[in-house]
Amino acid sequence: MKKKEIFELAKKLATECRSDPKRLAKELGIVVKYRSFNNHSGSCIRMNGKQLIVINTRMSTLKQLFVLAHEIAHLLLHPYEATIIRYFSFSESKVEFEANYFAVVFFSESEIEFEEDEEIKQLINNIIL
C-alpha cells in the first residue's frame, strides 16, 4: 500500500474513533487480549474469518496503545498474512514501517503524549523526519 493511502486511512479511522485504538478494534470486530510475554510486544492472528490481537502487559500503558494501533494496521494493511508475530522494533521491513507509520498518523492529532516513552518517541521522530 502506498504511503499516501496509509496516511488517508489512518486519518479517517482516527477521526471516526477519536484516536482510540481500543474503540477501533471493537468497531472492526477485532478481539483484543492482554497477556504477559517475555519476548515480544504484540501479535495479531487472522484465522477462519476472525481476527485476534494479543498485547503484552509488561509494557507501559502508552506502549500498549501504540502497539495495539500497530497490530490493527497489520490486519488492515497486510491481509495476505494469516498470522503475524512481530517484535515492536525499528525494523526496516516494509510491513513494519507501514504498521508503524499507520500508528504514528493515527495518533498524530490525539492528546496522548508519547514523549514519555523514548522508544516510541524515537520511532515517531524517524518516521516524521
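This section describes the overall fold of a predicted model, followed by helix 2, the residue Ser19 and the largest pocket.

The chain contains five helices and four strands, and from the N terminus on these elements follow one another in the order α-α-β-β-β-α-β-α-α. Of its 129 residues, 47% count as buried. When contacts between residues at least 6 apart in sequence are considered, 58% of them join residues that are at least 24 apart.

Helix 2 comprises residues 21-28, and its buried residues are Pro21, Leu24 and Ala25. Seen down the helix axis, these buried residues fall within an arc of 100°, and they therefore line one face of helix 2. The partners against which the buried residues of helix 2 pack are helix 1 (3-17), strand 1 (31-35), helix 3 (61-77) and helix 4, so that both helical elements and a strand appear among them. At the start of helix 2, a side-chain oxygen of Asp20 comes to within 2.9 Å of the backbone nitrogen of Lys22, whereas at the other end the helix is followed by Gly29, a residue with a positive phi, near 75°.

The loop between helix 1 and helix 2 includes Ser19. With a relative accessible area of 10%, Ser19 falls below the 20% cut-off and is thus classed as buried. Its side chain reaches the backbone oxygen of Phe106 at 2.9 Å. Once neighbours within four places in sequence are left aside, the residues in contact with Ser19 are Ala14, Phe106, Phe107 and Ser110. One of these contacts of Ser19, Phe107, is also listed among the residues that lie nearest the centre of the largest pocket.

The largest pocket has a volume of about 220 Å³. Its lining is made up of 15 residues, and those nearest the centre of the pocket are Phe107, Ile112, Phe114, Glu115 and Ile124. Two elements, helix 4 (94-107) and helix 5 (118-128), each give two or more residues to this lining, and it is helix 5 that gives the most, with four residues. Sorted by class, the residues lining the largest pocket comprise eight nonpolar, three polar and four charged ones. Helix 4 therefore enters the description twice, as an element against which the buried residues of helix 2 pack and as a contributor to the lining of the largest pocket.

Technical notes:
Residues are numbered from 1 along each chain as its sequence is written. This is a predicted model: local features need pLDDT of at least 70, side-chain atom pairs count only at pLDDT 80 or more; totals for chains, interfaces and linings use all residues. Side-chain values use heavy atoms; hydrogens and water are left out. On a 1 Å grid over the protein atoms alone, a cavity is a set of points where a 1.4 Å probe fits but cannot get out, and a pocket is an open set with protein on both sides within 12 Å along at least five of seven lines; lining residues have an atom within 4 Å of a point. Grid points are joined across faces, edges and corners, and a volume is the space filled by probe spheres set on the points. Ala, Val, Leu, Ile, Met, Phe, Trp, Tyr, Cys and Pro count as nonpolar, Asp, Glu, Lys and Arg as charged, and the others, Gly among them, as polar. Buried means under 20% relative accessible area, exposed over 50%, partly exposed in between (1.4 Å probe, protein chains only). The arc is that of the directions from the helix axis to the C-beta atoms. Contact means heavy atoms within 4.5 Å. A polar contact is a pair of N or O atoms within 3.5 Å; within protein, one must be able to donate a hydrogen and the other to accept it, and residues adjacent in sequence count only if both atoms are side-chain atoms.
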